[in-house]
Structure formats: C-alpha cells, structure tokens
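Let's take a walk through a protein chain together, from its overall plan down to single residues. Have the picture ready and follow along as you read.

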Amino acid sequence: MEQQDEEIKELTRLLNLVWGSEELAYERLNRLRDSYNCDLFNAMLSLVQVAFVPESFFTDLLGNRTSAGSRYEPASTYMEATICLGPRVLESTELAPIVLLHEMIHHWELTLAQDLYLFEYPSTVDVLIDRIFSDPIRARKWRATHSKRFLAKAHEISTKREIDLATLLYGHMHLRR
Ligand SMILES: [Zn+2]
C-alpha cells in the first residue's frame with residue numbers, strides 16, 4: 001500500500017513538472033481528444049475517458065511488464081471506455097498526444113470501424129513494422145493486437161497530420177530504442 005502511495009505521489013510530481021498540474025494535463029489531453037475526434041474521426045467516436053495511472057498498472061501479478069505505458073480499456077459493466085496513460089508516456093508533452101491518438105484508434109476500431117471500411121495501406125508500413133521489430137515473435141505478438149484496419153487508419157492519420165508513423169504505431173517503445 002505504501003509503495004502505491006509513493007507511486008501516486010511520484011505521478012503527481014511528474015504531472016506538476018511536465019504539465020503544470022494534474023488538472024492542466026487532463027484539460028489539455030481531453031481537449032486534444034475532442035479535437036482529434038472532430039478532425040480525424042468525423043466526430044463519430046463515443047466518449048472515451050482519459051485516466052492517468054502509475055507504472056504498476058502496467059505490470060501483472062508476476063511483475064512482468066504488460067504494456068509500453070498506455071492501455072485502452074473497452075467499456076464494461078463497471079466502467080466507461082478509458083485510455084490509461086502511465087508516467088513513461090506522460091513525461092513527454094510531445095509523446096502523450098501521439099499515444100492518446102494510438103489508443104483512440106483502438107477505441108475507433110472496437111466501437112465504430114465497419115467491415116466495409118477499406119483497410120488498405122502501402123507496403124512501406126509492413127516494411128516499417130518488420131524493421132522496428134527485429135524479433136519476429138515480438139512482431140507477431142504486436143500484429144495480433146494491431147489489425148490491418150488499425151494500420152490503415154494509423155497510416156491515414158499519420159499522413160493527414162504529419163505524425164511520424166513509427167511513433168504513432170509504437171510510441172514509447174519506439175522512442176526508447
Ligand atoms: Zn496498440
């Protein structure tokens with residue numbers, strides 16, 4: 001419990017330092033979420049909450065890391081759809097909006113994407129994925145949760161907004177390499 005308190009304090013310190021305060025961080029990211037929804041998803045996305053979570057949120061019971069520092073939680077009986085952002089994402093005001101967008105694509109895919117949506121993208125996207133994941137097992141694992149439809153949408157958005165595609169696809173993992 002004490003360690004959890006310490007982690008929360010650490011997160012608050014980080015938010016104060018990087019964003020000015022926790023409130024300002026929520027304000028900025030919520031505003032970005034709304035403008036992304038308008039500009040990139042035709043204002044069709046249902047509400048998705050943004051939540052800041054400590055690092056331990058991303059470790060399983062065995063202490064293994066389960067994510068690169070962010071996670072999309074689909075809506076359930078207990079909670080609304082939520083995008084969870086951890087310290088490794090929140091430590092950069094440049095990275096956090098891109099990771100937010102990545103998780104919004106998951107939300108879009110789960111709640112809105114139709115089978116009819118054309119999921120075509122240039123073969124350079126596959127080349128990029130293979131290049132970043134030098135380990136084919138890791139590449140396969142990643143692809144299992146990022147469909148062609150996801151890739152097509154990410155490619156479309158990265159082109160439209162001039163966002164580095166590798167960062168949009170891998171976020172933090174990519175930056176740390
Ligand atoms: Zn993802």
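Starting at the N terminus, the elements of the chain follow the order α-α-β-β-β-α-α-α-α-α-α-α. Counted up, that gives 9 helices and 3 strands. Please keep in mind that what you are looking at is a predicted model.

How does the chain fill space? Along its principal axes, the C-alpha trace spans about 50 × 40 × 35 Å. For 177 residues, a compact globule would be expected to have a radius of gyration near 16 Å, and the chain agrees with this because its own value is 16 Å. Contacts tell us about the fold too. Taking the contacts with a separation of 6 or more, 66% join residues that are 24 or more positions apart. As for the inside, buried residues account for 24% of the 177 residues.

Let's go to that inside now. The largest nonpolar core holds 27 residues, and those touching the most other members are Leu85, Leu90, Ala96, Val99, Leu100, Leu101 and Ala154. Which elements supply at least two residues each to this core? They are helix H1 (2-19), helix H2 (22-40), strand S3 (82-85), helix H3 (87-90), helix H4 (95-111), helix H7 (148-161) and helix H8 (165-170). The biggest giver is H4, which contributes 9 residues.

Two of these helices, H1 and H2, make a good example of packing. In general, a pair of packed helices is described by the angle between their axes and the distance between those axes. For H1 and H2, the axes come within 8 Å and cross at roughly 65°. Their crossing is left-handed. On the H1 side, the contact is made by Thr12, Leu15 and Trp19, while H2 brings Glu22, Leu24, Ala25 and Arg28. Sorted by character, the residues of this contact are 4 nonpolar, 1 polar and 2 charged.

Now look along H4, where you will find His106. Is His106 buried or exposed? It is buried, because 22 other C-beta atoms lie within 10 Å, and a count of 20 or more is what earns that label. You can also use His106 to judge distances: its C-alpha atom is 15 Å from that of Gly69, with their positions 37 residues apart along the chain.

Helix H7 offers another buried residue, Phe150. Phe150 counts as buried because it has 20 other C-beta atoms within 10 Å. Setting aside neighbours within four places in sequence, Phe150 is in contact with Ile105 and Glu109. Phe58, on the other hand, is 92 residues away from Phe150 in sequence and 22 Å away in space, C-alpha to C-alpha.

Next, move to the loop between H4 and helix H5 (124-132), where Tyr121 is found. Tyr121 is partly exposed, because its count is 19 other C-beta atoms within 10 Å. Which residues does Tyr121 touch, not counting those up to four places away in sequence? The answer is Leu151, Ala152 and His155. With Ala152, the C-alpha atoms are separated by 5.1 Å, although the two residues are 31 apart along the chain.

Ser123 sits in the loop between H4 and H5 as well. Ser123 counts as exposed because it has 7 C-beta neighbours inside 10 Å; the label applies to counts of 12 or fewer. Ser123 and Ser92 are 31 residues apart in sequence, and their C-alpha atoms are 30 Å apart in space. Set this beside the pair Tyr121 and Ala152, which are also 31 residues apart but have C-alpha atoms separated by 5.1 Å.

We finish with two residues whose backbone deserves a second look. As a rule, most residues other than glycine have a negative phi. Ala43, in the loop between H2 and strand S1 (49-52), has a positive phi, near 55°. Ala43 is exposed, because there are 10 C-beta neighbours inside 10 Å. Glu162, in the loop between H7 and H8, likewise has a positive phi, near 50°. Is Glu162 buried or exposed? Glu162 is exposed, because 6 other C-beta atoms lie within 10 Å.

Conventions:
Residues are numbered from 1 along each chain as its sequence is written. This is a predicted model: local features need pLDDT of at least 70, side-chain atom pairs count only at pLDDT 80 or more; totals for chains, interfaces and linings use all residues. Helices (H or I, at least four residues) and strands (E, at least two) are DSSP runs, numbered from the N terminus. The radius of gyration is taken over C-alpha atoms; the globule rule is 2.2 Å times the number of residues to the power 0.38. Two residues are in contact if their C-beta atoms, placed from the backbone, lie within 7 Å. A nonpolar core is a set of buried Ala, Val, Leu, Ile, Met, Phe, Trp, Tyr and Cys residues joined through C-beta atoms within 7 Å. Axes are lines fitted to C-alpha atoms, for helices over the stretch in contact, and angles run from 0 to 180 degrees between N-to-C directions. A crossing is left-handed if the near helix is turned anticlockwise from the far one by less than a right angle, and right-handed if clockwise. Ala, Val, Leu, Ile, Met, Phe, Trp, Tyr, Cys and Pro count as nonpolar, Asp, Glu, Lys and Arg as charged, and the others, Gly among them, as polar.
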